[in-house]
Amino acid sequence: MKTKIFLLTCLAAAFTLKAAAQEISIDKGWKFAIGDSTQWASPTYNDANWKPINLAYDWESQGYPNTDGFGWYRSHLVIPSSLKEKSYLKDSLRITLNNVDDNDEVYLNGQLIAKYGGQKGDIKNGNYGPRSYTIAANNPAILWDKQNVLAIRIFDTGGAGGLYGDKFTLSMADLMDPVSINTDAEFSYGDNNSLNKSIKLVTTSNYAYKGKLAFKVTDPENGTVLYEKTNDADFTAGKPFTYSFSIARLEKKSYVVSYTFTEEKSGKSITKTDGTPYVLTPYPSSKPKINGADVYGARPGNPFLYLIPASGKKPLIYAAQGLPDGLKLDANTGIITGVVTKKGDYPVTLTVKNNLGSNTKKFTIKIGDIIGLTPALGWNSWNAFGLSVNDERVRTAARTMIEKLSAHGWNYVNIDDGWEAEQRAASGEIVTNQKFPDMKATTDYVHSLGLKMGIYSSPGPRTCGGYLGSWQHEDQDAKTYGDWGIDYLKYDWCSYSEVTAKNPTLDDMKKPYQVMRASLDKIPRDIMFSFCQYGMGDVWKWGAEVGGNSWRSTGDIEDTWKSMSTIGFHQIADGPYAQPGHFNDPDMLVVGKVGWGDNQHNSRLTPDEQYTHISLWSLLSSPLLIGCDMGKLDKFTLGLLTNDEVLAIDQDALGKEAHQAIKEADYQVWIKDLADGGKAVGLFNTSDKYQTITLNRDENDLKGLTKIRDVWQQKYIITSGNTYSVKVAPHGVMLMKLSK
Ligand code: GAL
């Protein structure tokens, strides 16, 4: 009884706070149970003994560690008719669940009103993400102004699970819901030094929108409005409204552009903001230069493949002195192949020439037991295409990597989930689905360019996307990967919880990785092994011992500041475990055009947040796996991914991870030790205002490091005295290298 009164008070409080906003928060007063029962949907089911749960956090962190599978959330709540009365359109009620991990069915007073089954309608297949459901306002399931029971059935495929995030609301569907401001076109640079772009107002409804579009450019440093313009804007489903603008090119920082459409009759409006891009990476030089890591590890007796990363005007001619026996270099492509049988460290001098000069670099090939001496640099299909990856998209990624990125060390082309069939061959062998007609041919193509090929699987019977996993077929799958020529395996956890103990011990958690490790060891190939179990059981403490080259230390990343910064700035406990051959993996990059499916959008990170993302991940010695549509790389994204001095921090041969040296409410300083005795330092502004951050070289072990280099701009900074102050943009960074 007591509990009930408490519950109602909470609800009343939540309601009064938000009632005026025509949106009510429903994030309070939930109860929870692990398991599954059809009765739990019923409004009359007695959930008095269920435990309360907080929707700000996953269920793992609230007393249900390592729990995958079904769980139910129930809430008793009043749905006020004032919500409907105050709304402009009165026809449907909207439920926003932001986010669901992974799939859900929503019951209102016992009736199924919405579901997200991910793949193929099955609640067990699919993905984490936000949901927004609408139901007709006259649906009898809704009891206006009365107690309702909202029951949500969740299936978690693996890792963190449940309903958790920052927005759980009830509202009425709005006139602006079907409207979007599409800002995905690229900013282009005009002849007269201008920055140009077109945006579009689009709708999916058959309403004829008529109103005004307000365009504004603001300097975030001082709030000055630089441009402001309002235009009439009318559009329908068949006829979007396009607005093109041109602004004089601005100095090297990001300005805030906002677009607000206000509909005339209803007064309703929708706003979107954009940041102007600015490229800090110097314009690429035509002179030849060898980039990339200083070391490369391979195992004796296995096929060797290394593409010398070199930039400069083509054609380039390559040479190598001191290559170990068994290796040969193609002087025209820079691809080194062969097999080395003898273990050892082989110092090599690499040279690259073109008609403008030549460049040499000392490089060490280490033939031994450890591969992946520096974090992997490459592309993975997931953040761009999700399960809609296909052969053509992978080939485009490979082609683009060679055209634009491999000169800087990028070399893995990794296919994530979505390549597998749903049924094995009669022999038990894994086969591809129709999107990958010939995996061997695709791999041969990738290798012919000098690049490497990665693939994905799961130790359970199924992957997170519901395709075939490797369970009880590990040897067979490793052999197939070997036959295809795979160089990298990302190995997830999904559905393994169905075949292991309910509350897995540390040994249970290690087991699937030990089994696959043993299978990979039987294959005469260097296959990088990447664990993807989201950090369970503090994987960083045992990932290396179990034979992982990297291990995910977090759940899945999204292209938001909240997600990226929460993940990035929390890589603390795992930091000391990074070492050559074994790295923490805070998940893949979310710069460029991302989308996890068929439709891609510009990363929702601002330009400054993207500089932070790449800088922080490099300081963390993270594998850098580009997660965008490579066919649509814009100038800004290319600048982010081709800065050799930034990449050198990630690829530093010492293999240490940066530590958080200073944490203040508004800024953080992260410092990474480098092989040459220098230190990479990131000054991160975590606030949403411009800030001056001061670094004191008498502190944090920085004494004696007199030179400061601005790594993004590749320029030394003139300083005097032991403190250095710099203005940093909101959510932005100053990345530096300090040396003697
Ligand atoms: C998730 C994993 C993602 C992606 C996805 C594929 O568990 O974290 O990175 O691989 O599975 O279904």
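**Exercise 1. In which strand does Asn-99 lie, and how is its side chain placed?**

Solution. The model is a predicted one, in which local features need pLDDT of at least 70 and side-chain atom pairs count only at pLDDT 80 or more, while totals for chains, interfaces and linings use all residues. Residues are numbered from 1 along each chain as its sequence is written, and side-chain values use heavy atoms, with hydrogens and water left out.

Step 1. Asn-99 belongs to strand S5 (residues 92-101), where a strand is a DSSP run of E with at least two residues, numbered from the N terminus.

Step 2. With a relative accessible area of 7%, Asn-99 is buried, a term that means under 20% relative accessible area with a 1.4 Å probe and protein chains only.

Step 3. The side chain of Asn-99 makes a polar contact of 3.0 Å with that of Tyr-128; such a contact is a pair of N or O atoms within 3.5 Å, and within protein one must be able to donate a hydrogen and the other to accept it.

**Exercise 2. Describe the surroundings of strand S9 and name its pairing partners.**

Solution. Step 1. Strand S9 covers residues 147-156, and because 9 of its 10 residues are buried, it is largely enclosed by the rest of the structure.

Step 2. Strand S4 (residues 69-78) pairs with S9 in the antiparallel sense over 10 bridges, pairing being assigned if DSSP finds at least two bridges between two strands. Within S9, Ala-151 stands opposite Arg-74.

Step 3. Strand S6 (residues 103-108) also pairs with S9 in the antiparallel sense, over 6 bridges, and Leu-150 in S9 is the bridge partner of Leu-108.

**Exercise 3. Work out which residues surround the ligand and how far the protein covers it.**

Solution. Step 1. There are 13 residues around the ligand, of which Asp-416, Asp-417, Lys-490, Tyr-534 and Asp-556 come nearest; a residue counts as near if one of its heavy atoms lies within 4 Å.

Step 2. By class, the shell around the ligand divides into 6 nonpolar, 1 polar and 6 charged residues, with Asp, Glu, Lys and Arg counted as charged.

Step 3. Polar side-chain atoms of Lys-490 and Arg-552 lie from ligand oxygen atoms at 2.8 Å and 3.0 Å respectively, and an N or O atom in the side chain of Asp-556 is 2.5 Å from an oxygen atom of the ligand.

Step 4. On its own the ligand has 310 Å² of accessible area, and the protein covers 97% of that area, as given by the Shrake-Rupley method with a 1.4 Å probe.

How values were computed. Buried < 20%, exposed > 50% of the residue type's maximum accessible area, 1.4 Å probe, protein only. Helix = DSSP H or I, 4+ residues; strand = E, 2+ residues; numbered from the N terminus.
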